[in-house]
Amino acid sequence: MGGMLDNAMLGLEVALQPENLLFCFIGVFLGTILGVIPGIGVLVSISLLFPITFHIEPVAALVMLGGIYYGTTYGGSTSAILLNVPGTPSSAVACLDGYPMAQKGRAGTALFMTTVASFFGGTVGILALMGFSPMIAASALKFGSAEYFGLMVLGLIAASTIASGSMLKGIAMVLVGILMGLVGSDVYTGTMRFTFGQMALYEGISIIALAMGIFGISEVVTSIRSVKRAGAVRHDISFRAMMPTRSEMRASWMPMIRGSMIGSFFGALPGTGGLIASYMSYAAEKRIGKTETFGKGAIQGVTGPESANNAADQTAFIPTLTLGIPGSPTMAIILGVLIIHGIEPGPMVVVNQPDLFWGLVMSFWVGNLMLLVLNIPMVGVWVRLLRIPFHLMYPAILMFIVMGVLTTYNNAIQVWVLLIMGAFGYVIRYLGFQAAPLILGFVLGPLMEEHFRRTLLLSGGDFGAFLSSGIARVCLGASALLVLYGLYLSWTDRKRLAAGKAAARG
Amino acid sequence: MRSYLNRDLMTGALIFGLGLAATLYAQSSYQLGTFRTPGPGLFPTLVSSLLTLVGVGLLLQALLAPVPETLPQFETRPFVLVMVAVAAFAVIFPYLGYALAVFALSLISSFADDQMKLTRKLVLAAVVTGIAVLLFRGILGVRLPVFGMGGF
């Protein structure tokens, strides 16, 4: 344990440097604003803001991205509570009891307790991150290409099975993502692949144009006619109104503790994350607590899932930073940014760059503290922000997207790439595909190919090498089971839906 | 009466087509190598063959277990206008700089929603342009032409 304390001190030293503090604040602040605005999720806000990170040091850049990430999650809950519109998908659960609380005039309390629960959940998640990362990194140092390949397959399969409705559609998106990731020159031979003679594609499809197009542009197109805005409902958000009653405090502690545990667990698993963790926590609280108040403004229904959500946000960094394998699309983008900054995430980062790793971890904690301090006085501002109609906001959002791409590459060709990705993103969304597995495939594709080829090269073309170690066998076996289970589930689902349709026709 | 030409089927056909095209393209254009020494074509060919298979699966699923459509409508007007707006930006920027490009982007995209009069749309576009120049030129100091091709 002494080692952990030393690491924490080292991390705090880095996190408290004025520059890092400043960027942490900027990240948290901008993240919260963007999270509050419906139609901008974590992915869009990270894609929007990460061109700025190219101008600063890698540590500060990461600290800022982390801040944007959990700041957005936090902001998302605010609009869920006040508007019944989740600002980010993972805050959908906050609508269930948060909005009824707001209707009962307890919006201030709900927001305050959300802040407290987020901070608590975040802290537990960070402790889990600190405790488990060095262990995982230490064992990951022994991993070879076959193990990494297996882990990546498992991560991608899990992401496409659990997160999206249809197994086959999820896998299709992963595969399309991998192919898109392969565009550009081949690392081994320099052969240009899938570039069709376009110079703009020689270095591959740029991750920013891809993410902004697929998430940003298509999100704006979807939201233009569908986003509701805050009505004339007046919320009492004075400091007095925010204070929870003593019984509300008592009712919140255990859900927060349980929620944090649930969140820490699901956050670290590939393919799951904040949304699933918060649903799990909600279900658990509903089973434990008095059910009649749930859905009508039970404080447990807000604090439990909110802790789970934020704990999951933190532990999601465990596989990303220790193995270099992102479990969620947000982590995939963060991984992409790290690679652009010249950091190849993996066990070596934890071992060789402890200042970066622990600095980042401790900055999460500092950032969560900032959220707590920042948001209590700022709640009134968020409420006013929510009253701005979306039709005044989306031209500015588009401007940020396009200018973000332009200033990153200084080249108008990338705006065309953005346009194509945006159109593609909207069409696949219309066809019922999820974009999350695509972005995971996109980031992992080139890494997977490298490990795939290296494994074959080392084994002399023997495919048995992919199953040579216990870890690889477990990963590939679990992937196969997940695929079968997912296929079975979606098949029975369809049968049920079809039967429902037949019954409805009568 | 059952219509087979639904969105599910289109989806399956799209994935199948994409997979098949990519498989044929990859295996004919790039060297496959051997398993012992994999070439640049091997992995893309494997991945796109898998994609073709998934497409077959989606097609089978759509034909054997058709389900009612629950997906949202295609937002034609916002879609077209946002795309045209971004295209306008990409066309204008290299010649006239980003101030006018942003103005065009905002103005064209604001027609996707018809809640505002033209004068208000113009004001909005001007404000967004102002924000862009102030932020990217003034605060971030980005060295890209605000007006015209070079210089300023």
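**Exercise 1. The pair H5(A) and H12(A)**

Task: Describe how helix H5 (residues 92-103) of chain A and helix H12 (residues 274-288) of chain A cross, and state which residues meet.

Solution: Begin with the axes of the two helices in this predicted model, which come within 8 Å of each other and cross at roughly 35 degrees. Next, look for the residues on each side: Ala92(A), Val93(A) and Leu96(A) belong to H5(A), and they meet Leu275(A), Ser278(A), Tyr279(A) and Tyr282(A) of H12(A). Finally, sort these residues by character, which gives 6 nonpolar, 1 polar and no charged residues in the contact of H5(A) with H12(A).

**Exercise 2. The pair H4(A) and H5(A)**

Task: Work out which term describes the direction of helix H4 (residues 58-83) of chain A relative to H5(A), and which residues make their contact.

Solution: The first step is the geometry, for the axes of H4(A) and H5(A) come within 6 Å and cross at roughly 50 degrees. Angles under 35 degrees count as roughly parallel and those from 65 to 115 as roughly perpendicular, with the rest being oblique unless they are over 145. The angle of H4(A) to H5(A) therefore makes the pair oblique. The crossing of H4(A) and H5(A) is, in addition, right-handed. The second step is the contact itself, to which H4(A) brings Ser77(A), Ala80(A), Ile81(A) and Leu82(A), while H5(A) brings Ala94(A), Cys95(A), Gly98(A), Tyr99(A), Met101(A) and Ala102(A). Sorted by character, the residues of the contact of H4(A) with H5(A) are 8 nonpolar and 2 polar, with no charged residue.

**Exercise 3. The pair H6(A) and H11(A)**

Task: Describe the packing of helix H6 (residues 107-140) of chain A against helix H11 (residues 246-268) of chain A, and sort the residues of their contact by character.

Solution: The axes of H6(A) and H11(A) are 9 Å apart, and the helices pack at an angle of about 40 degrees, which means that H6(A) is oblique to H11(A). The crossing of H6(A) and H11(A) is right-handed. On the side of H6(A), the contact includes Phe120(A), Gly121(A), Val124(A) and Gly125(A), and on the side of H11(A) it includes Gly259(A), Ser260(A), Gly263(A) and Ser264(A). When the residues of the contact of H6(A) with H11(A) are divided by character, there are 6 nonpolar, 9 polar and 1 charged.

**Exercise 4. The overall form of each chain**

Task: Determine how the radius of gyration of chain A and that of chain B relate to the values for a compact globule.

Solution: Take chain A, which has 21 helices and 2 strands, and whose C-alpha trace spans about 70 × 70 × 45 Å along its principal axes. A compact globule of 506 residues would have a radius of gyration near 23 Å, and the 22 Å of chain A agrees with this. Then take chain B, which has 5 helices and 0 strands, in the pattern α-α-α-α-α along the sequence. Its radius of gyration is 24 Å, well over the 15 Å that the globule rule gives for 152 residues, so chain B is more spread out than a compact globule. The C-alpha trace of chain B spans about 55 × 55 × 25 Å along its principal axes. Chain B is divided into domain 1 (7-64) and domain 2 (76-139), and the C-alpha centres of these two domains of chain B lie 39 Å apart.

**Exercise 5. Where the chains touch**

Task: Find which helix of chain B gives the most residues to the side that touches chain A.

Solution: Start with the totals, since 59 residues of chain B are in contact with 55 residues of chain A. The elements of chain B that give two or more residues to this side are helix H1 (7-29), helix H2 (42-64), helix H3 (76-96), helix H4 (98-110) and helix H5 (118-139). H3(B) gives the most, with 11 residues. By character, the residues on the side of chain B that touches chain A are 45 nonpolar, 10 polar and 4 charged.

Note on methods. Residues numbered from 1 in each chain as written. Chains lettered and ligands numbered in written order. Predicted model: local features only at pLDDT ≥ 70, side-chain atom pairs only at ≥ 80, totals over all residues. Contact = placed C-beta atoms within 7 Å. Helix = DSSP H or I, 4+ residues; strand = E, 2+ residues; numbered from the N terminus. Nonpolar A, V, L, I, M, F, W, Y, C, P; charged D, E, K, R; others polar. Domains from an automatic or database assignment. Axes fitted to C-alpha atoms, helices over the stretch in contact; angles between N-to-C directions. Left-handed = near helix turned anticlockwise from the far one by under 90°. Rg over C-alpha atoms; globule rule 2.2 N^0.38 Å.
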